[in-house]
Structure formats: C-alpha cells, structure tokens
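Reader: I have a structure to look at, and I want to know how its labels are earned. Can we go through them together?

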Amino acid sequence: MRLQDTPTVAKGTVSPTDEPAGSIPLPDAGPVTVAPPGPAELDASRRHLRRAAYPLLLMACCGTTVLAEAWRLDRGTVSFAFLLATIGYLALLERFIPYDRSWHPTAREWGHYGIYFLLTVVGGAMAQAVLLAVFSGEGPEHGRLPLPLELLLALLAGSLASYWVHRLGHTVPWLWRLHGVHHVPQKVNVANNGVNHLADVLIAQLVVQATLSLLGLSQTARFAVGLFVIAQGYFTHANIDVRLGRLNHLLASPEQHRLHHSTDLDEAGHYGSDLSIWDRLFGSFTWQPQRRPRGIGLAEPDSFPATGAIGATLLHPWRKRRPTRH
C-alpha cells in the first residue's frame, strides 16, 4: 500500500497547525486602537494648563534673566527674542484654553496686527535712541543699591510711571486721539496688544524709561524688570481663561484687562498693565470674581478709523474731529 504524501516537519520544530495539548485557541486580536481622550480627560488637562500657564511664564522670565546675565548675552537681542517667544507661547495657549473663541484673530487681522507690531517696535526703538542721546548711554552697569532693592525700585517706579501715562492717555483729549487706536478692535487677544499708534508708544516709552534713567538704576535691574513687563503686558492682553484669584489685588491679569477694554466706562478702569496696586491706590480698580465686560471696543466706534485703515489711523490725531474720551 502506498502511503499518502504528508508534509515533512524537521526535527525540533513545531508545525503551525500543531498546538500543545490542553491549550485553548486564542482569537485574533486584530489591530490595536487607542481611544481618544474623553471630555473628562480633556477638562482635566485644560484645568492643569490654566493653573500652570502663568507660573511657567514667570519661570521663563526669571530663567532668561539669569542665563542672559550669566552668559553676558546682548540684552537687546535677548529682550526681543523673549518678546517673540512670549507672543508664541500665549498664542498657543489661546488655542488650548481660550476665554472667548470668537476673539481669535482671522488671517486678515493677523496681517494688520503684524504691521502695527512693527510700528510698535519702531516706536520703542525711537524712544531708546532719544534716551541714549539725552542720558549719554544706557546707564551704569552696577547700581548703588543692592540688586534686590534695585529690582523692587525699578518695578515700582516703572509701573507707576506707566500707570499715569496710560491713565492720562484716557483723560487728556489729544493723548486719547493717540491711545484710542489701541481700543478700536472689538476683541482682546495677544496679537492685537501691538495695535498702537507709533507716537503713543514713543511717548509712553520715553516717560517710563526716562524715569528709570533718572533714578540711576543699573542695566541689570532695568533688563530684568523689562522682561517682566514684556511678559505681563502680553499676558494681560491674552485671550486665555487664566484666573489669578487673590493675586489680582497685586498683579494685573487678563481678567482685569478685559474690563479695561469694556465699552462700559464705569467698569473700564485698570490702567496698570503689570501691577494692580496703583489701580487700588488711585481708585480705578473695578475687578470682581466672575465679572465679564459688557462689550469690547470703543464707546463710540465711529470716532476712530477701522484697525485695517492703517494710513488713516496714523493721520487720525491731526484731523479736526475730536472723539469722545474712552
């Protein structure tokens, strides 16, 4: 009898069809899929991000100061790089933890805001050039006071000067014709923080920086406080749902600055962009927990050119019409 041909299995191997005695066949698991995070996980992530966003910004500010001074980097270059990094960081946060999604800038608005940002940079550079000429340099490398005291003095003096320049920009008619440009947009976000009239930036920077120069503060103190002012200025203008709680009574915040841009003048105080203590002291503090602005923009929208009309905006202060103060 001829045996039926069967496949030959090499000694020491197991045929694919063979299974150990007593084994249970396992079903084919198929491709492994990972479920996307659910609403609860996303809410938890956003909650953690809201809590960490501001401390991370302050840590970046301190770290940048320490490294720049330790490595003797050019302070102007570091300040500009920190400015760009701060804008990028806050613009990213606006996507993950926005306060109001309708406030996101459109592509067209980004283009307009970019032009104003360049004008703001030019205004700051012009002020710096004037100060260098008047004070014959950037100030002493080392101050007469211990650095911690210099930092405190620079912060208090600079923020006080900034507070009054800002407040006068709202109460002096001709200055309002300059500063009102910043209040034209009907949304508040990190991108339109740079929407300013060039002359408004020039005047504000001259006053603040001249105050610090007259005090004879060291370059290190002014550099460190300058980074903090950059971080605070853009942080308060960001469209992010971050709340400082009791720190609102010490520091400026997005919660306060949204009220500053309100169309309701009774709640539009908060002229401090770094510290809020001056608003407390001079009666312009209106923040309350959970308080939302009634509207954003100008009380009289037709009193200024649209943000996109950049040429008309730059010429606006010298036109005959005098808009109502904001």
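What follows is a talk about helix packing and pockets in a predicted model.

Reader: What makes helix 1 and helix 7 roughly antiparallel?

Author: Start with the angle. The axes of helix 1 (residues 39–70) and helix 7 (residues 219–236) cross at roughly 155°. Angles over 145 degrees count as roughly antiparallel. Helix 1 and helix 7 therefore earn that label. Their axes come within 10 Å, and their crossing is right-handed.

Reader: Which residues of helix 1 and helix 7 make the contact?

Author: From helix 1 come Tyr54, Leu57, Leu58, Cys61, Thr64, Thr65, Ala68 and Glu69. Helix 7 brings Thr220, Phe223, Ala224, Leu227, Phe228, Ala231, Gln232 and Phe235. By class, this contact has 11 nonpolar residues, four polar and one charged. Glu counts as charged, and Glu69 is in the contact.

Reader: Why are helix 2 and helix 7 called roughly parallel or antiparallel?

Author: Helix 2 covers residues 75–96. Helix 2 and helix 7 pack at an angle of about 20°. Angles under 35 degrees count as roughly parallel. Helix 2 and helix 7 are therefore roughly parallel. Their axes lie 10 Å apart, and helix 2 passes helix 7 in a right-handed crossing.

Reader: What meets what in helix 2 and helix 7?

Author: On helix 2, look for Arg75, Val78, Ser79, Phe82, Leu83, Thr86, Ile87 and Leu90. On helix 7, find Gln219, Thr220, Phe223, Leu227, Ile230, Ala231, Tyr234 and Phe235. The residues divide into 11 nonpolar, four polar and one charged.

Reader: How do you know which helix gives the most to the lining of the largest pocket?

Author: Count the lining residues. An atom within 4 Å of a pocket point puts a residue in the lining. Helix 7 supplies 11 residues, the most. The whole lining has 50 residues, and Gln205, Gln209, Gly226, Val229 and Ile230 lie nearest the centre of the pocket. Its space is about 1800 Å³.

Reader: What makes 25 residues of that lining polar?

Author: The class list decides. Gly is among the residues that count as polar, and Gly226 is in the lining. The lining also has 19 nonpolar and six charged residues.

Reader: How many residues line the second largest pocket, and what classes are they?

Author: This pocket is lined by 14 residues. They are four nonpolar, four polar and six charged. Nearest its centre lie Arg243, Glu255, Arg258, Gln290 and Arg291. Glu and Arg count as charged. About 290 Å³ of space lies in this pocket.

Notes
Residues numbered from 1 in each chain as written. Predicted model: local features only at pLDDT ≥ 70, side-chain atom pairs only at ≥ 80, totals over all residues. Heavy atoms only, no water. Axes fitted to C-alpha atoms, helices over the stretch in contact; angles between N-to-C directions. Helix = DSSP H or I, 4+ residues; strand = E, 2+ residues; numbered from the N terminus. Parallel < 35°, antiparallel > 145°, perpendicular 65-115°, else oblique. Left-handed = near helix turned anticlockwise from the far one by under 90°. Contact = heavy atoms within 4.5 Å. 1 Å grid on protein atoms, 1.4 Å probe; cavity = no way out; pocket = protein on both sides within 12 Å on 5 of 7 lines; lining within 4 Å. Points joined across faces, edges and corners; volume = space filled by probe spheres on them.
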